Amino acid sequence: DIRARHRELADATLRSLPAFCRNSLTNFYVLYEDAPENRGLGGSNTIIITGNVPDAEFVALLVHECGHVVDLGGLVGTSESGRSSFVDGMTPMYLSDPSVAFYSLSWNRASERKKGIRDTDFVSGYATSDVFEDFAETFAFYALQNKEFARLAKSNPVLRSKYVFMRDVVFQDVPPLSLGSFVRG
């Protein structure tokens, strides 16, 4: 029972993002609770977001959660390559998973930063939480704030590497989003 406006926004957003998200997404829910426990949740094939927000925030939540779907469902490795030091709960991340290269820019393990990595090496405070939030926030920042991300990347080698990863591995030829084209006010 997703409202028509949210169906339109979700469709336009998903069509504007790399196919990794659309191809991996099998479950999409919009909740209209008064006080949701979480504004959004995303995994390898599922997104749950609140619909009780303005259009621009709805799109931003969807893009962030698509980052999780891309990370955990779109970019995957094989067990033949061996386990990396990264796990999602009990699920191992394999060395051939492209996300491991991204994680390794700032992290030793899912919640353990590399020595010398600073808060300024992340696109947001939330990105400092763990590798999965780092990926999703970086995905969203690339998609929604590309010019600012490119500006910051010029003077920060870690951010530059994250920008290049998103550009070359995830987004490839897909341009960043232009929210004004499908979000009102």
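Student: Which residues of helix 7 are buried?
Tutor: Val158, Leu159, Lys162, Tyr163, Phe165, Met166, Val170 and Phe171. Keep in mind that this is a predicted model.

Student: What makes a residue count as buried?
Tutor: A relative accessible area under 20%. The listed residues of helix 7 meet that test.

Student: What do these buried residues pack against?
Tutor: Their partners are helix 2 (19-24), helix 3 (55-74), helix 4 (98-103), helix 5 (131-144) and helix 6 (146-154).

Student: How do you know that the length of helix 7 agrees with its number of residues?
Tutor: Helix 7 covers residues 157-171, which is 15 residues. At 1.5 Å a residue, the expected span is 21 Å. The end C-alpha atoms are 20 Å apart, so the two values agree.

Student: Why is Asn156 said to cap helix 7?
Tutor: Asn156 sits in the loop between helix 6 and helix 7. A side-chain oxygen of Asn156 lies 2.9 Å from the backbone nitrogen of Val158. The cut-off for a polar contact is 3.5 Å, so the 2.9 Å pair qualifies. The cap is at the N-terminal end of the helix.

Student: Is Asn156 buried or exposed?
Tutor: Its relative accessible area is 7%. Buried means under 20%, so Asn156 is buried. Beyond four places in sequence, Asn156 touches Arg118, Thr120 and Asp121.

Student: What makes Gln172 stand out in its backbone?
Tutor: Its phi is near 45°, a positive value in a residue other than glycine. Most residues other than glycine have a negative phi. Gln172 comes just after helix 7.

Student: Why is Gln172 called partly exposed?
Tutor: Its relative accessible area is 47%. The partly exposed class lies between 20% and 50%, so Gln172 falls in that class.

Student: How do you know that helix 5 is mostly covered?
Tutor: Count its residues: 14 of 14 are buried. Its span also fits, with 20 Å from first C-alpha to last, close to the 20 Å expected at 1.5 Å a residue.

Student: What happens at the start of helix 5?
Tutor: A side-chain oxygen of Asp130 reaches to within 2.9 Å of the backbone nitrogen of Phe132.

Student: Why is Asp134 counted as buried?
Tutor: Asp134 lies in helix 5. Its relative accessibility is 0%. The limit is under 20%, so Asp134 counts as buried. Outside its sequence neighbours within four places, Asp134 is in contact with Phe102, Ser106, Trp107, Phe122, Ala127 and Lys162.

Student: Which residues have the most contacts inside the largest nonpolar core?
Tutor: Val63, Tyr103, Phe135, Phe139, Met166 and Val170, in a core of 51 residues. Helix 1 (4-16), strand 3 (46-50), helix 3, helix 4, helix 5, helix 6 and helix 7 each give two or more residues to this core. Val170, leaving aside neighbours within four places in sequence, is in contact with Pro18, Phe20, Val70, Leu75, Phe135, Phe139 and Phe165.

Student: How many aromatic pairs does the structure hold?
Tutor: There are 12. One of them is Tyr142 with Tyr163. Tyr142 is in helix 5 and Tyr163 is in helix 7, 21 residues apart.

Student: Why is the pair of Tyr142 and Tyr163 called tilted?
Tutor: The ring centres are 5.1 Å apart. A pair needs centres within 6.5 Å, so these rings pair. Their planes stand at 50°. Stacked needs under 30 degrees and edge-to-face over 60, so tilted is what remains. Tyr142 and Tyr163 are both buried. They belong to one aromatic cluster with Phe139, Phe141, Phe149 and Phe171.

Student: What makes strand 1 and strand 3 a pair?
Tutor: 5 bridges join strand 1 (residues 27-31) to strand 3. Pairing takes at least two, so these strands pair. They run parallel. Asn27 has Thr46 as its bridge partner in strand 3.

Student: How does strand 2 meet strand 3, parallel or antiparallel?
Tutor: Strand 2 (residues 40-42) pairs with strand 3 in the antiparallel sense, over 3 bridges. Leu41 has Ile48 as its bridge partner. A hairpin through 3 residues joins the two strands.

Student: What lies between strand 4 and strand 5?
Tutor: A hairpin turn of 2 residues, where Gly89 has a positive phi of about 65°. Strand 4 (residues 83-88) and strand 5 (residues 91-94) run antiparallel, joined by 3 bridges. Arg83 stands opposite Tyr94.

How values were computed: Residues numbered from 1 in each chain as written. Predicted model: local features only at pLDDT ≥ 70, side-chain atom pairs only at ≥ 80, totals over all residues. Heavy atoms only, no water. Helix = DSSP H or I, 4+ residues; strand = E, 2+ residues; numbered from the N terminus. Expected span 1.5 Å × (residues − 1). Buried < 20%, exposed > 50% of the residue type's maximum accessible area, 1.4 Å probe, protein only. Contact = heavy atoms within 4.5 Å. Polar contact = N/O pair within 3.5 Å; in protein donor to acceptor, adjacent residues only side chain to side chain. Core = buried A, V, L, I, M, F, W, Y, C linked by side-chain atoms within 4.5 Å. Phe/Tyr/Trp six-rings, centres within 6.5 Å; stacked < 30°, edge-to-face > 60°.
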